[in-house]
Amino acid sequence: MTADDEVRFRACLEDVAAYKPGRPPERADGRPTYKLSSNENPYPPLPGVLAAATEAAASMNRYPDMGALELLETLSERFDVPVSDLAVATGSVAVLYHLLQAACAEGDEVVYAWRSFEAYPIAVQLTGATSVRVPLTDDTRHDFKAMEAALTERTRVVLICTPNNPTGPVVRRDELLAFLDVVPSNVLVVLDEAYREFIREPDTIDGVAVYRDRPNVVVLRTFSKAYGLAGFRVGYAIGHPPVVAAIRKCALPFGVSQVAQVAAIASLRAEEELLERVEALVVERTRVVDELRQAGWEVPETHANFVWMPLGEETVAFAEAVQAEGVSVRPFPGEGARVTIGEREANDLFLTVAGTWRKSHA
């Protein structure tokens with residue numbers, strides 16, 4: 001068979017890297033293991049949410065509501081936005097894929113900070129567009145002056161992850177608004193707020209408040225983290241009608257299952273109880289960060305449900321050492337490791353291993 005006889009695919013696929021999920025922990029000695037590699041909520045489902053999802057599963061032989069109307073109406077009431085300003089998909093990352101597919105083509109550019117969410121370069125490359133990665137500052141924050149300088153006539157989209165995954169810092173009010181003021185009105189700005197509920201920084205701004213008077217701003221959020229529905233894949237966008245209409249055109253039919261829709265609605269109705277769990281995770285996050293710093297680690301501020309360990313070339317060795325004790329973390333070779341705030345037992349075990357590592361590598 002010659003090259004001319006082979007099935008052909010788009011050239012942009014040749015260099016697309018596969019998304020790397022967090023590894024599950026492994027042990028052979030029967031001791032407990034803990035997964036701190038995927039930023040999952042460690043709490044089990046609320047009984048009411050579980051009951052609603054279980055009841056909905058009885059109708060799995062039927063297609064879901066393709067328009068997710070009841071979920072959109074519930075979100076509309078929760079955020080005081082029109083249904084026409086909302087779109088849902090299988091996680092906020094799916095919303096992002098649809099949005100980039102709608103906005104970008106070959107020759108276009110997408111600007112974002114790096115390192116940031118691992119899915120960004122994959123999602124951009126699949127459209128044929130070019131990623132323009134702007135390095136984070138030394139304290140792992142967005143460098144908005146450099147991002148401004150990276151804007152060109154070919155820029156179609158800017159991605160802003162706040163809090164930034166995997167490093168943790170949140171974008172502050174003044175720096176975001178100043179940056180938005182210089183972004184051309186025909187460039188779409190995506191505020192990825194997957195970890196919004198974990199923010200305790202007063203000097204920040206709610207993306208929903210930003211979008212209201214800026215037609216080129218769209219906000220992405222998810223039910224995977226604070227609401228504990230990672231396994232059901234429900235995310236949503238809040239944007240102006242032309243942006244939302246474009247997302248909906250690119251969305252897969254019947255993408256969000258009926259079970260997921262019902263669970264998301266039940267979670268919104270149980271939000272007060274769920275946010276009590278988030279507050280407990282924030283308290284635990286503070287404890288973990290404080291103990292790491294006391295042990296000699298230099299970790300950046302975090303307003304998500306994870307902490308960033310700037311390990312550089314020691315990253316893989318550290319991840320393997322933690323894994324050997326039954327805790328999986330998410331390594332980014334040559335840069336650092338992201339560690340989810342999990343149940344207290346998991347955090348205690350991680351802190352023990354991290355403390356021992358720091359002493360032996362001081």
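**Group meeting: two helices and a sheet**

So, helices α3 and α4 are roughly parallel to each other, because angles under 35 degrees count that way and these two cross at roughly 30°. Before I go on: this is a predicted model.

Let's stay with that pair. Helix α3 covers residues 92-103, helix α4 covers 119-127, and their axes come within 9 Å. The crossing of α3 and α4 is right-handed. Who makes the contact? From α3 we have V93, L96, Y97, L100 and Q101. From α4 it's A119, Y120, I122, A123, V124, L126 and T127. Sort the residues in this contact by class and you get 10 nonpolar, 2 polar and no charged ones.

Okay, on to the sheet. It's an open one with 7 strands, and if you walk across you meet β2-β8-β7-β6-β5-β3-β4, with mixed pairing. Which strands stand at the edges? Those are β2, residues 86-89, and β4, residues 130-135. Each has a single partner strand, so one side of each has no neighbour in the sheet. From one strand to the next, the twist averages 20°.

Look at the β4 end for a second. Strand β3, residues 109-114, pairs with β4 in the parallel sense, over 6 bridges. There you can find W114 standing opposite P135 in β4.

Now back to α3, which also packs on the sheet, touching β2, β3, β5, β6, β7 and β8. The direction of α3 makes about 150° with that of β7. Helix α8, residues 241-250, packs on the sheet too, and touches β2, β6, β7 and β8. The direction of α8 makes about 25° with that of β2.

Definitions and conventions. Residues numbered from 1 in each chain as written. Predicted model: local features only at pLDDT ≥ 70, side-chain atom pairs only at ≥ 80, totals over all residues. Heavy atoms only, no water. Axes fitted to C-alpha atoms, helices over the stretch in contact; angles between N-to-C directions. Helix = DSSP H or I, 4+ residues; strand = E, 2+ residues; numbered from the N terminus. Parallel < 35°, antiparallel > 145°, perpendicular 65-115°, else oblique. Left-handed = near helix turned anticlockwise from the far one by under 90°. Contact = heavy atoms within 4.5 Å. Nonpolar A, V, L, I, M, F, W, Y, C, P; charged D, E, K, R; others polar. Pairing = 2+ DSSP bridges.
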